[in-house]
Amino acid sequence: MYNGIGLTTPRGSGTNGYVTRNLSFVKPPPQRKDELKEESGPKLKKANAAILEHNRKRQVEVKCMELRIKLEDEGVDDEEIETRVEELREKLLQESQPIDAKKLKEHDVHELAAAKEKELEKMRRALRIKEDRADGAAFR
């Protein structure tokens, strides 16, 4: 066996086990430089706003459910529980919490992308770079 190619043993195969190169494969011709695609650097993945909104609402509902369970364990009346949970839900939905990239996990892809977009926007404003600027325009 040569580089993981070929037979482990030639016994019973009817061959001598010698590995040869495939000469019938034709390589495609190399592309010309003017036909190559123009690369503009790494592509950043955009954050999906619907997923971000869903996660935010989910966190609100988790906090509301925790409050509901706590109040039920204390023996508070059902109507009082409903009003307090609704007040908390409205309060949490109105306040928007900034995304802290340091606390995010690796699997929070959309939250990380949103934080990166915000960071890049802050850097662009700090360097006074216009939004309509094209990459590499100074070299053309």
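Which residues form the largest nonpolar core of the chain? In this predicted model, the set has seven members: Val60, Cys64, Leu67, Leu71, Ile81, Val85 and Leu92. Two helices, α1 (49–74) and α2 (78–94), each supply at least two residues of this core. The largest share, four residues, comes from α1.

The overall fold was examined next. The chain contains three helices and zero strands. Along the sequence, the pattern reads α-α-α. The radius of gyration is 30 Å, whereas a compact globule of 140 residues would have a value near 14 Å. The C-alpha atoms fill a box of roughly 85 × 60 × 20 Å along the principal axes. Of the 140 residues in the chain, 11% are buried. Contacts were also sorted by sequence separation. Among those between residues at least 6 apart, 52% join residues at least 24 apart.

Surface and charge were then computed. The accessible surface of the chain is about 13,200 Å². Carbon and sulfur atoms account for 53% of that surface. Positive side chains number 30 and negative side chains 29. The centres of these two sets are 13 Å apart.

Several residues give local detail around the core. Leu71, one of the core residues, is in contact with Val76, Ile81 and Arg84, leaving aside neighbours within four places in sequence. Of these partners, Ile81 is itself listed in the core.

Arg89 is located in helix α2. The residue counts as buried because its relative accessibility is 17%, and the cut-off for burial is under 20%. Beyond residues up to four places away in sequence, Arg89 touches Val60, Glu61 and Cys64. Val60 and Cys64 both appear in the nonpolar core. Arg89 does not appear among the seven core residues.

Glu86 also has its place in helix α2. Its relative accessibility is 33%, so Glu86 counts as partly exposed. That class lies between the 20% limit for buried residues and the 50% limit for exposed ones. The C-alpha atoms of Glu86 and Cys64 are separated by 8.1 Å. Along the chain, these two residues are 22 positions apart. Cys64 thus recurs in this description: it belongs to the core and is touched by Arg89.

Outside the core, one backbone angle was noted. Arg128 has a phi near 55 degrees, a positive value in a residue other than glycine. Most residues other than glycine have a negative phi. Arg128 lies in the segment after α3 (109–126). With a relative accessible area of 77%, Arg128 is exposed, since the exposed class begins over 50%. The two arginines described here therefore fall into opposite classes: Arg89 is buried at 17%, and Arg128 is exposed at 77%.

Definitions and conventions
Residues are numbered from 1 along each chain as its sequence is written. This is a predicted model: local features need pLDDT of at least 70, side-chain atom pairs count only at pLDDT 80 or more; totals for chains, interfaces and linings use all residues. Side-chain values use heavy atoms; hydrogens and water are left out. The radius of gyration is taken over C-alpha atoms; the globule rule is 2.2 Å times the number of residues to the power 0.38. Buried means under 20% relative accessible area, exposed over 50%, partly exposed in between (1.4 Å probe, protein chains only). Contact means heavy atoms within 4.5 Å. Accessible areas come from the Shrake-Rupley method with a 1.4 Å probe; for residues, only the protein chains shown count as cover. Lys and Arg count as positive and Asp and Glu as negative; His and the chain ends are not counted. The place of a charge is taken as NZ of Lys, CZ of Arg, CG of Asp or CD of Glu. A nonpolar core is a set of buried Ala, Val, Leu, Ile, Met, Phe, Trp, Tyr and Cys residues joined through side-chain atoms within 4.5 Å.
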